[in-house]
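Biologist: I'd like to walk through the helix packing, the chain contacts and a couple of backbone oddities here. Can you take my questions one at a time?

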Amino acid sequence: MTRYIVTRIVGLLGVLLAVSAITFFLMHSIPGGPFDVMGGDKAVQIPDDVKQQLLKLYGLDKPLWEQYLLFLRNALRLDFGYSFSSSGRTVLQIIAAQWPYSIQLGLLTLAFSLLVGLFLGITGAVKRNTWIDNLGTGVSIFCMVMPSFVLAVLLQFVFAVKLHWVPTGGWESPRQWILPVIANSLGPILTLHRYTRGSILDVLDANYVRTARAKGMSELRVLTVHVFRNALMPLVTVAGPMIAHLVVGSFFIESIFRIPGVGFYWVNAISKRDYPMIMASTVIWTALISLTYMLTDIVYTWVDPRIRLVKEQ
Amino acid sequence: MKTLLDVTHLTTQFQVDEGIIHAVDQVSFAIQEGEVLGIVGESGCGKSVTALSLMRLIAEPGRIVAGTAQFATDNKVVDLLTLSQSALAQIRGNEIAMIFQDPMTSLNPVLTIGYQVAEPLKLHRGLSDRAAREQAIQLLERVGIPDAANRLGDYPHQFSGGMRQRVMIAVALSCRPKLIIADEPTTALDVTIQAQIIDLLRELRDEFGTALIIITHDLGIIAEIADTVAVMYAGRIVEMGKVREIFARPQHPYTAALLAAIPRLTHWPERLSTIEGAPPNLLAEPPGCPFEPRCNRRIPACRTTSPPLEPIFPEHQVACIVAQAERAAHV
Amino acid sequence: MSEQLLETIDLVKRFPIKRGFLGRPGATITAVDRVSLTIGQGETLGLVGESGCGKSTLGLTLMRLYEPTSGRVLFAGHDLTALKGEQFQRLRPQLQMIFQDPFASVDPRLTVEQIIREPLDIHQVGSMADRRKQVRHLADLVRLPTNALRRYPSEFSGGQQQRIGIARALALRPKLLICDEPVSSLDVSVQAQILNLLRDLQDEFQLSYLFISHNIAVTAFMSRQIGVMYLGRLVELGPAKAIVTEPRHPYTQALLRAVPEPDPARPKRLREMTGDVPSLIARPTGCPFHPRCPLAQAICTVEEPQLRTIAPDHQAACHFA
């Protein structure tokens, strides 16, 4: 097991290196820089000599490869520098301040999606081709075709602007959580519903379920002891990465509902050419997602006795 | 000897796009306490579907459309085919148990062997975990699993095919059922392992007096273990009787041809005798005998008359008008 | 005893089961362990054994569908194992194979005609018209209905699919046909048809067969000689009748005792053999059969017995045969 973890972590470091390099050079290849314009709505051109000063201050006048090596050196000490667009705060400070909002949004989305997705998937599979199965499929198709940001705006318009049932944005009170979570759940509900339904249908046809019935178990017991456990086990492999992708926030949802999460900051950083922010975010997300995949694999071996990480003799 | 199970006119059909598959067609037979009945036939003859129908394990698009299956429980006789779900659940695994063909997929891969063997005991006998565990060890030892106590916590994939089948037998035996239905229990196993399993079943039948319905395509297994045999073709029983009788003087052309087509260890002909043609199409329901197209003793009447299963010798029934006619001519 | 067509000399096939550290070979299993046998022209050698004995692997290795780990295969005067590339390809047509699952061994999207014609196309035999004619001829030989050629394999029964496989295998007029469990997935009534067909074809074309099966009775019907395999080793080799009536190796004896005979009048034999089918990974020392052998002594755990002649034309690998 230790050998497995060590191998994975070494691989992870390799991935981080590759990702950081690609991001770095891609980032610099986009025309324009962080100091071309200044000031929110009224874009004001910065005078050239001021711009040169700024570039020199942030080390942006050095050759690219040198900048990259500097980045690596600092990254090893977990120093990702100051944000270009947020005066006075380091990138890590910003992320630390904003991330909790995204995490909250992500976890609430996960809870809601699990509730809806699992319910529809399980009932749909057990009561195949009845109205509840069709309802589930209908919801799935809706989730598949409706872009989350379109739904977000629609919800906001109907429930906040017209009906005044909930506020239009922000993240302080629970009432503000409702619309963003619903809009953010489209993808996860689709995945969970399809996966659960498919998995349960497969298991229902399995020979060992027939054996269970032949032993004289009630249908309920057959379902709870033999079907669900086997069918939902593979869900671990789906849930792990899903959690990782959820907690890094959503640019659209956060923008539309004015939630100060990292998704918003991250995408904004790209348009503002906030290089330190871009690099830090990318590296952190990559590490997060890789670690989550690794953890998911490990957890899966606890859940399914047939799977071992390395071939056993 | 009391009649344990009396099946009359069992008919099971499958509704598919192309029509109706007549998988089991008016099948009737009876089995006494402690008797071993072998149901033999080739693929598609309906033998497995018959067994699954008795336990009502047929899933959509299959449906049992007719027939009764009178089963003698301890205090009364019930019709398995019309029992309520809850009453049926009382009988399954308890008074009638089933062993399936593929031991690899018939056991739940993520539950321990100990759990799965103890399950019927806890369910039907209300045993505590501890008591069920004790019984499970005894059962596993009885079916020949070495070091049973330590293997309770193992999973099915840690056992070989033969061992898994022994576990299935242990599960089936756990509540001392009156009847065990074994659907091709050795088909997926190697010959030497198959022999061990057949020997085991014979021992258990002798020891516990359990009746056994054994379903197979292998006439050799029938000869080894069955008291009575029913030969099925196209969903019907075409010949049935005591094993020695049937093997010594098979009356139905299909039975005779089947016996002749098996390569033996005792003599080596230049060519094997064959049955011409191909297995029947179960979608069609011919008015006459389903074997007629391939039969070397057919007469014109065979195409229009569906032959009933009727006695021809003591303890020997056959569904063939030609065989009956020949017998009548000799009497 | 006719002319020898094929001979294997100490043929070995090993498979790796664990990746060694940094690319070095790790643990291996020996699926075929120093097997030496011969097949005469126009004759059938049957190979029987249970799962894991290596009989199928032997067949595949003979044809170099698996590359032999060591040992030699001599075929019609050529050393198959030494030939490379072009030279070997030229011999390929003479060794063909038919398989256990006839449907899985054909491309379901080709018509029957294309399937049978494929070997001719690959080796570019004659013109297209010639090939078409040859295909029709082959279909007749295996008694496929005339309209079969235009149809797809999925429209046929198992027995007919096997006939298609046989027709394809015969297209290049091979000298040796390796039959890997050709009737195991077929019903008894169909099995008899296919076995008769194979016998007829052998008589007509002087074909040699390596007939691999787990069913001794079927193998005895088809073969002049039978080899019994256990855990990759050939443990007994002799005339079919002798093997079946007077088996000398304890495993062969146990195998024969285990076969259920469709004759209720014969007394039921008690079978003493216990134990499970062996695992290739945990291979016993000395004689591979000793853990399950009623005759096993101390020497059996230490020294592996070699095949030695115990009767004319009959060999067994046992210290006590």
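## Helix pairs, an interface and two backbone details

Modeller: Sure, and keep in mind that this is a predicted model.

Biologist: Let's start in chain B. How are α4(B) and α5(B) oriented to each other, roughly parallel or roughly perpendicular?

Modeller: Helix α4 of chain B covers residues 113-125 and helix α5 of chain B covers residues 129-142; their axes come within 9 Å and cross at roughly 115°. Angles of 65 to 115 degrees fall in one class. That crossing angle therefore makes α4(B), relative to α5(B), roughly perpendicular.

Biologist: Which hand does the crossing of α4(B) and α5(B) have, left or right? And how many nonpolar residues are in their contact?

Modeller: On the hand, the crossing of α4(B) and α5(B) is right-handed. The α4(B) side brings B:I113, B:V117, B:A118, B:L121 and B:K122, and these meet B:D129, B:A132, B:Q135, B:A136, B:L139 and B:L140 in α5(B). Sorted by class, that contact of α4(B) with α5(B) has two charged residues, one polar, and the nonpolar count is eight.

Biologist: Over to chain A. What does the angle make α8(A) relative to α10(A)?

Modeller: Helix α8 of chain A (residues 186-204) packs on helix α10 of chain A (residues 219-232) with the axes 8 Å apart, at an angle of about 130°. The crossing of α8(A) and α10(A) is right-handed. Because of its angle, α8(A) is, with respect to α10(A), oblique.

Biologist: How many charged residues does the contact of α8(A) with α10(A) have?

Modeller: From α8(A) you get A:T196, A:S199, A:I200, A:V203 and A:L204, and they meet A:L223, A:H226, A:V227, A:F228, A:N230, A:A231 and A:L232 in α10(A). The contact of α8(A) with α10(A) splits into eight nonpolar and four polar, and the charged count is no residues.

Biologist: And in chain C, how many charged residues are in the contact of α3(C) with α4(C)?

Modeller: Helix α3 (residues 112-122) and helix α4 (residues 128-141) of chain C have axes that come within 9 Å and cross at roughly 125°. The residues involved are C:E113, C:I116, C:R117, C:L120 and C:D121 of α3(C), with C:M128, C:R131, C:R132, C:Q134, C:V135 and C:L138 of α4(C). In the contact of α3(C) with α4(C), five residues are nonpolar, one is polar, and the charged ones number five.

Biologist: Now between chains. Which residue forms a salt bridge with C:R199?

Modeller: Chain C puts 42 residues in contact with 40 residues of chain B. Chain C and chain B bury about 3,700 Å² between them, 57% of it on carbon and sulfur atoms, and the salt bridge count between these chains is two. In one with closest N and O atoms 3.3 Å apart, the partner of C:R199 is B:E270.

Biologist: Backbone next. Which residue does a cis peptide bond join to B:E60?

Modeller: Most peptide bonds are trans. Here omega is about 5°, and the residue in question sits in the loop between α1 (47-54) and β4 (62-72) of chain B. The residue joined to B:E60 by the cis bond is B:P61.

Biologist: Last one: what is phi of C:E181 near?

Modeller: C:E181 is placed in the loop between β7 (176-180) and α6 (188-205) of chain C. Most residues other than glycine have a negative phi. C:E181 has a positive value instead, near 50°.

Key. Residues are numbered from 1 along each chain as its sequence is written. Chains are lettered from A and ligands numbered from 1 in the order in which they are written. This is a predicted model: local features need pLDDT of at least 70, side-chain atom pairs count only at pLDDT 80 or more; totals for chains, interfaces and linings use all residues. Side-chain values use heavy atoms; hydrogens and water are left out. Axes are lines fitted to C-alpha atoms, for helices over the stretch in contact, and angles run from 0 to 180 degrees between N-to-C directions. Helices (H or I, at least four residues) and strands (E, at least two) are DSSP runs, numbered from the N terminus. Angles under 35 degrees count as roughly parallel, over 145 as roughly antiparallel, 65 to 115 as roughly perpendicular and the rest as oblique. A crossing is left-handed if the near helix is turned anticlockwise from the far one by less than a right angle, and right-handed if clockwise. Contact means heavy atoms within 4.5 Å. Ala, Val, Leu, Ile, Met, Phe, Trp, Tyr, Cys and Pro count as nonpolar, Asp, Glu, Lys and Arg as charged, and the others, Gly among them, as polar. Buried area is the accessible area (1.4 Å probe) that two parts lose on being put together, summed over both. A salt bridge is a side-chain nitrogen of Lys or Arg within 4 Å of a carboxyl oxygen of Asp or Glu.
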